[in-house]
Protein chains: 2
Amino acid sequence: MTVVSKSGATTTGSIAVEPVVTGLPGHTIVLGDTVPLALVSGQRLGPFTVAYQTYGSLNANRSNAILVCHALSGDQFAIDPHPITGKPGWWETVIGSGLPIDIDRYFVICINVLGGCMGTAGPKDINPQTGKRFGLDFPIITITDMVAAQKLVIDHLGIDKLFCVTGGSMGAMQVLEWASRYPQRVFCAIPIAGAARHSAQNIAFHEVGRQAIMADPNWHGGNYYDHAEQPHRGLAVARMAAHITYLSDSALHQKFGRELQDRTDVSYGFDADFQIESYLRHQGSTFVERFDANSYLYMTRAMDYFDLAAEHEAILANAFEDSQVRFCLISFTSDWLFPTTESRQIVHALNAVAASVSFVEIETDAGHDAFLLDEPEFFGILSGFLAGAAELRGLDGDASGRTGRETS
Amino acid sequence: MTVVSKSGATTTGSIAVEPVVTGLPGHTIVLGDTVPLALVSGQRLGPFTVAYQTYGSLNANRSNAILVCHALSGDQFAIDPHPITGKPGWWETVIGSGLPIDIDRYFVICINVLGGCMGTAGPKDINPQTGKRFGLDFPIITITDMVAAQKLVIDHLGIDKLFCVTGGSMGAMQVLEWASRYPQRVFCAIPIAGAARHSAQNIAFHEVGRQAIMADPNWHGGNYYDHAEQPHRGLAVARMAAHITYLSDSALHQKFGRELQDRTDVSYGFDADFQIESYLRHQGSTFVERFDANSYLYMTRAMDYFDLAAEHEAILANAFEDSQVRFCLISFTSDWLFPTTESRQIVHALNAVAASVSFVEIETDAGHDAFLLDEPEFFGILSGFLAGAAELRGLDGDASGRTGRETS
């Protein structure tokens, strides 16, 4: 099979992807143009587009780059107003001038993951072979594939070694994959609220979300793009179910309790009597404005499939053998989706191979979403670890990097 | 407004309910025929049918009756094969000859709750005023209303004082309501895996389930009964989401882990690759055979609205003032839906009014559903507490009850 992409490049036996989302702020790059990307599923992808955003300046040594990996519902717009919703970026508390990930000092890259819906190739793009949207014909994407595509972007930027790779939740899975698969390309790694494999309970919650989407008749087996109605109700239910898992019981209790919404007594009906109900409905209805239902299926599946030990004779430590990467793992006490025990297992594996690892469990009621919220202790840990690593790396505090020794 | 019921009885300003589910095994009774039941919502119900099941024999003193209150997805068929699915009763491990609730000794009553779908009046019944199914025109039912209807059944059976009221989950809410509202009618009470009010997180999970049902176009605003297609997909998603909350993370991990279903490698697709996915899908698809989607909405709402303290100047202890009821509360360590803290709050309230209360937290990995499973320690506690209470009550070990002193 020979595929001729729009750009005129020819690849053999490869799935070409023609983007439908264009004109977004930030950068795009066409990858797999000459050598397609070999996906874990056995399929080959290329040419395909990847969209990314950068903040700050790359120093002359190209040694101050931090790759920020986004979570399931995130995208590359970490600190910009979101181009669709206009809302603030998802990590504007962390990345910025004078913030823990200081863009006066570091060059920050954030890449929309493969399978995503904000400019990087995903199921809503066009299959040039048919002229139609992929839908479920888009190949299944794994965390390994996401990271392989990111590596091509980092290659393109001429960055031999990332100073740091960090991210929370699905982002943490990518961080672990980076550190395991490309240890020579990572100086330090900060997986936050993550796990080395997706648990049965987490797979279960994802399956509920997928079934909610697939139960929506507007989903049309994934081929909804040309219909007037989109599977918004199913996607909203999926988002609502997921959103509960991002918060802690006590956070919900403190934030909402049994408080009523705009009324003094219950309605004795099915209106959103309780504030928690309105809040959840709002979370569902706003999510569908910016997220593609099929991408949601692909993202959840990538997380479900993630099992780093399974790729290494079922021994997690083998994933990090002889690693020179400096690790800092962060978990949150009230996170029941990716509980501290998951991070601790990674720490044990890293200890078993005598890797450099620090681990902090942060006391908070905020649940899994703590990494997206105002958590001073978390910010302090991030800043402190990065400062120490920057000194080791010979970054001297400004973005030029022209002075100071460099280690690898 | 004057309503003439099928039976010819006349009530004024009352909602009459004509049952559609008939011919089930067990008993039915028409209530509210002369005096309608005043619901918490302000509406009045009657005449309406209540279906119930009994096991064992009522002794001559009518002092050996145990009322078993079922949970959200349960019904009156506690130990019979289910008349629709043929599956064993939901509490056949607990109720039976020689079992903790020994039907050779006690007379067991289990009543399908108001708003249910197994013979007791609910949204799938017919409104004689219109000749059509109620759907969402059925009045909202509270835990208080369920218990008020049960009390009418107990009156009808000529039982002045129940020896015991027990039940898990939503059943425990009914137990607490019984003990609080009709303390003179209850000798002892065993609320299992319950709470005195539904938490924000639990309301949130219920709201997801309701939204999943309402998002199903076959739901038709609740008027699906005359359509060929029923809102089974929405109800299945609701059941799947709920089912996760009934199990513990570690139970899911031990039972399923990341084991694959009938395959040696993942499918790189959206089939049920993992055993947990097949299991959940099975839970969803079997539930819809026996449960009415609108009843699911009404049951979840009743639980959401439950807040025993709110009915007593926000002081839970006031709900049990001067109570002579002997309480035994049971919780399970791995139950995160109705965690031990919820039971402990009730214990504190009971202690504050010097009520007779024992409390046991049972160590188990089984999660909320532990009360439905084979838990020897749980069985031991049940048997032991009942034996002690039976002695106090002067029940002498056989069903005749003709000898032995009786206390009240």
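B:Thr28 comes out as partly exposed because 17 other C-beta atoms lie within 10 Å (20 or more would make a residue buried, 12 or fewer exposed, with C-beta atoms placed from the backbone). This is a predicted model, in which local features need pLDDT of at least 70 and side-chain atom pairs count only at pLDDT 80 or more, while totals for chains, interfaces and linings use all residues. Residues are numbered from 1 along each chain as its sequence is written, with chains lettered from A and ligands numbered from 1 in the order in which they are written.

B:Thr28 sits in strand 3 of chain B (strands are DSSP runs of E, at least two residues, and helices runs of H or I, at least four, numbered from the N terminus). Leaving aside residues up to four places away in sequence, B:Thr28 touches B:Thr49, B:Val50, B:Ala51 and B:Gly119, contact here meaning C-beta atoms, placed from the backbone, within 7 Å. B:Gly119 is 91 residues away from B:Thr28 along the chain, yet their C-alpha atoms are separated by 7.6 Å.

Strand 3 belongs to an open, mixed sheet of 8 strands in chain B, ordered 3-6-10-7-13-14-15-16; strands pair if DSSP finds at least two bridges between them. Strand 3 (27-31) and strand 16 (356-362) are the edges, each pairing on one side only. From one strand to the next, the twist averages 20 degrees. Further in, strand 6 (residues 48-55) and strand 10 (residues 107-111) of chain B run antiparallel and are joined by 4 bridges, with B:Tyr55 opposite B:Val108 of strand 10.

Helix 1 (residues 143-156) of chain B lies across strands 3, 6, 7 (65-69), 10 and 13 (162-168), at about 110 degrees to strand 3. Axes are lines fitted to C-alpha atoms, for helices over the stretch in contact, and angles run from 0 to 180 degrees between N-to-C directions.

As for the contact between chains, 41 residues come from chain B and 41 from chain A. On the chain B side, helices 3 (200-215), 4, 5 (249-255), 6 (275-290) and 7 (293-305) each give two or more residues, and helix 3 has the largest share, 11 residues. By class, that side has 23 nonpolar, 8 polar and 10 charged residues (Ala, Val, Leu, Ile, Met, Phe, Trp, Tyr, Cys and Pro are nonpolar, Asp, Glu, Lys and Arg charged, the others, Gly among them, polar). Helix 4 (residues 232-246) of chain B is mostly covered, with 14 of its 15 residues buried.

How values were computed:
Contact = placed C-beta atoms within 7 Å.
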